[in-house]
Amino acid sequence: MESFVRVLEIIGTVAFAASGALIAMKKHMDLLGVIVLGVVTAIGGGILRDLILGITPPLAFRDPTCAVVAICTAIVLFIPWVRHHLMHNSRLFDAALLVMDSVGLGVFTVMGIWNALSFSPDRSAFLLVFVGVLTGVGGGVIRDILAGNTPYILVKHIYACASLIGAISCTLLLRCLPQYAAMLIAMLLVLIIRLLSAYFRWNLPRADDVT
């Protein structure tokens, strides 16, 4: 189980770091800005999660592996050849951002629940769901604020709702399935909801929808 969780963590870190780096490049930031947004997107939600769970110092500071992976991911995307192809192909850029952000959201939603189960004596459903959603969306919120954007969770294609559905599903499935199976199913559910909502342009009602 430890190896399974570690692989998920690395996948989620690469995905979220890539999404942060892509947003930074879209904002024409320099290499430092790209790295900073990549790192905070990848580990920001986990740091918020650990503070809620009372894990101090947060796990990201005890083991720098995820931060290093995030830095390397951001640097790779900043390579001129890679950056040129992404920035001059809007469809490729949008697709890469959507997929990376969706994968990261799914992975870190279930990782938040796993950490709550591992480190917190309180395993109430409310705590598990809250921590799962916070881990999933926290890094993205920090990224969007630093980039000067309205956070995705407030405006973008069923974003926080996908994380919420995944967290609730994972919490319920843990009662009848092995932990790894519940996490995989919930992670895939978040990914599918995000991709479908982007394709079909699903959104919650907005304030400007009122006529």
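Colleague: Which residue follows helix 1, and what is the sign of its phi?

Modeller: Helices here are DSSP runs of H or I with at least four residues, numbered from the N terminus, and helix 1 is followed by His28, whose phi is positive, near 60°. This is a predicted model, in which local features need pLDDT of at least 70 and side-chain atom pairs count only at pLDDT 80 or more, while totals for chains, interfaces and linings use all residues. Residues are numbered from 1 along each chain as its sequence is written, and side-chain values use heavy atoms, with hydrogens and water left out.

Colleague: How many residues does helix 1 have, and what does it span?

Modeller: The expected span of a helix is 1.5 Å times one less than its number of residues; helix 1, with 25 residues, reaches 36 Å from its first C-alpha to its last, close to the 36 Å expected.

Colleague: Gly12 is found in helix 1; is Gly12 buried or exposed?

Modeller: Buried means under 20% relative accessible area and exposed over 50%, with partly exposed in between, using a 1.4 Å probe and protein chains only. Gly12 counts as buried because its relative accessibility is 0%. Contact means heavy atoms within 4.5 Å, and, leaving aside neighbours within four places in sequence, Gly12 is in contact with Gly104, Val107 and Phe108.

Colleague: Which residues touch the most other members of the largest nonpolar core?

Modeller: A nonpolar core is a set of buried Ala, Val, Leu, Ile, Met, Phe, Trp, Tyr and Cys residues joined through side-chain atoms within 4.5 Å. Here the largest one has 53 residues, and those touching the most other members are Leu8, Leu22, Leu77, Leu105, Val110, Met111 and Met183. Helix 6 provides the largest share of this core, eleven residues.

Colleague: With which residues is Met183 in contact?

Modeller: Once neighbours within four places in sequence are set aside, the contacts of Met183 include Met1, Phe4, Val5, Leu8, Val110, Met111, Trp114 and Cys170. Met183 is one of the buried residues of helix 10, and what covers these buried residues includes helix 1, helix 6 and helix 9.

Colleague: What takes a positive phi just after helix 10?

Modeller: Arg201 does, with a phi of about 60°, and helix 10 itself has 22 residues and reaches 32 Å from its first C-alpha to its last, close to the 32 Å expected.

Key:
Helices (H or I, at least four residues) and strands (E, at least two) are DSSP runs, numbered from the N terminus.
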